[in-house]
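Work through the exercises below with the sequence and the structure side by side, and try each task before you read its solution.

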Amino acid sequence: MNLSIAQTLGLINLFLVIYVLIDSFEKISIYKEYLAGGLLSWSLLRKNSFFTSRSESFRNFIDIIFPARPWMFLIALRIFCCAGLLVSPPDSPLLGFSYAVLFIIGALMNLRSLAYGAETENRFSLVIIGALLLRSLLPTDVVTLAALWFIALQVCLSYLTAGVSKLRNVSWRQGNGFKYVATSYELVPVKKVNIFFEKYTGLTQVINWLIILFECAFPVVLFSGPVVLWSFLVAGGILHIAIAFGFRLGKFFWIWIATYPALIFIVQR
Amino acid sequence: MSIWEIIIVLTLAIWLTANICYSFLNKRMAHYTYRADIFRLLSAFQLFSRKVESFHLSYRDMLADQAVTQWEPVPLNQQWKSYHAIWFPARTVDTCVISIMDDLVRIVKKDQSGFGRKRIKERFIYHALSHFLERYPQSESCLGRQFRIQDKENNEVFISDFYKE
């Protein structure tokens, strides 16, 4: 399967839009948590020492945009930007504007939720949005290629980091990391699944090492042929679907899969 | 290449290099990036690498006659549904509470005495957890609420004082 630049960017856009829409509607659906008394209310979050130790002008600025009402307006604006990404023709100024708004709001989301730790999916989405934003500023062949390389290298780095950090962890190194995860009811709240993986220790050890191997070896796709690439992409897809159903982290799937078209394009060149 | 092309390519290259450094020198760099990278543009994706420790949260109230109620467990894990793979907004709050508990336990384990450190009661996470528990009903005559965190084996890891918001 060969992808043109337009098709590659179109596919990345599509998955990105799905992620942003799910994320935005999820946030709107828990609107109450952003009001006074909620765990995500600004009246609570602003008490975090990260904010209280900042300059007064900085605090005045965030006090304007982070309370529930303006914040929900920004979340709604993300949804409109998604519509902009879907309908605007390639290289139109609307595209750049939408990416810029999505990038700024995504960055502010990280800042606002610092007290509990920025959401992993959102952090990763900024990598993609940032690259596409820079590309939209100057959509030449050189910049487009650089942006796609950047996305491809970032996804390789994300898997490699995950693999290496698993190797640094004793449980994973001993082959028990996956077992601890899959048998934890807090992470996978399905008793049948917990019991199944508790029972088949050999299988959990094989999966444990397959995950580490997949993550550590992922950058190989950049230097190998289409067979290796597609094997890794299929394995990655399966891994993310399993994560989505098992751990209920569906947004991981959309945002990580969004980078795959960039990999396909880079490798086919 | 035009000057603008060079600037954009350089920006991407610097961002990628910084991310590579952050990924592998995470602990050393986090000290600096915590305050400098306020938008968290640098990330180290260590998906499920840490050993999973599960904690249980519960609370009880002190009534007007000084009697205390039974410990009430706080459910933080909703029943699994297949559509949660696509749509699961409740995860946000559960994840926040679990993250707070993890941080609190980490601090408690690090420093039992609190001597020379910011007292746990003065920390944001302590305040956030007590704030979160306010959503559970309590009688008007309640003098205060107390919460505790237990590990998987039901050992008490942390117990708060009675407090009134």
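In this predicted model, 69% of the contacts in chain A between residues at least 6 apart in sequence join residues that are at least 24 apart.

**Exercise 1. Find how far apart the C-alpha atoms of Ser4(A) and Phe265(A) are, and say where Ser4(A) is placed and whether it is buried or exposed or partly exposed.**

Start with the position along the chain: Ser4(A) lies in the segment that comes before helix H1 (5-29) of chain A. Next, compare sequence with space, since Ser4(A) and Phe265(A) are 261 residues apart along the chain, while their C-alpha atoms are separated by 7.5 Å. Finally, turn to accessibility: Ser4(A) has a relative accessibility of 33%, and because this value falls between the limits of 20% and 50%, the residue counts as partly exposed.

**Exercise 2. Describe the fold of chain A by its helices and strands, and decide how its radius of gyration compares with the globule rule.**

Begin by counting the elements, which gives 15 helices and 0 strands for chain A. Then take the radius of gyration of chain A, which is 20 Å, and set it beside the 18 Å that the globule rule gives for 269 residues; the two are close, so chain A is as compact as a globular protein of that length. For the extent along the principal axes, the C-alpha atoms of chain A fill a box of roughly 55 × 50 × 30 Å. As a last step, consider burial, for which 59% of the 269 residues of chain A count as buried.

**Exercise 3. Characterise the interface of chain A and chain B by its buried area, its residues and its polar links.**

First list the participants: chain A gives 80 residues to the contact and chain B gives 59 residues. Second, take the area, for chain A and chain B bury about 6,300 Å² between them, with 68% of it on carbon and sulfur atoms. In chain A, the residues that lose the most area to chain B are Leu39(A), Arg123(A) and Arg248(A), which together make up 12% of what that side buries.

Third, look at the polar links, where 22 residue pairs are in polar contact between chain A and chain B and 2 salt bridges are found across the interface. One of these joins Glu33(A) to Arg135(B), with the closest N and O atoms 2.7 Å apart. Fourth, ask which element of chain A gives the largest share of the side that touches chain B: helix H8 (residues 141-168) does, with 16 residues. To finish, sort that side of chain A by residue type, which yields 48 nonpolar, 20 polar and 12 charged residues.

Methods:
Residues numbered from 1 in each chain as written. Chains lettered and ligands numbered in written order. Predicted model: local features only at pLDDT ≥ 70, side-chain atom pairs only at ≥ 80, totals over all residues. Heavy atoms only, no water. Contact = heavy atoms within 4.5 Å. Buried area = accessible area lost by both parts, 1.4 Å probe. Salt bridge = Lys/Arg side-chain N within 4 Å of Asp/Glu carboxyl O. Polar contact = N/O pair within 3.5 Å; in protein donor to acceptor, adjacent residues only side chain to side chain. Helix = DSSP H or I, 4+ residues; strand = E, 2+ residues; numbered from the N terminus. Nonpolar A, V, L, I, M, F, W, Y, C, P; charged D, E, K, R; others polar. Rg over C-alpha atoms; globule rule 2.2 N^0.38 Å. Buried < 20%, exposed > 50% of the residue type's maximum accessible area, 1.4 Å probe, protein only.
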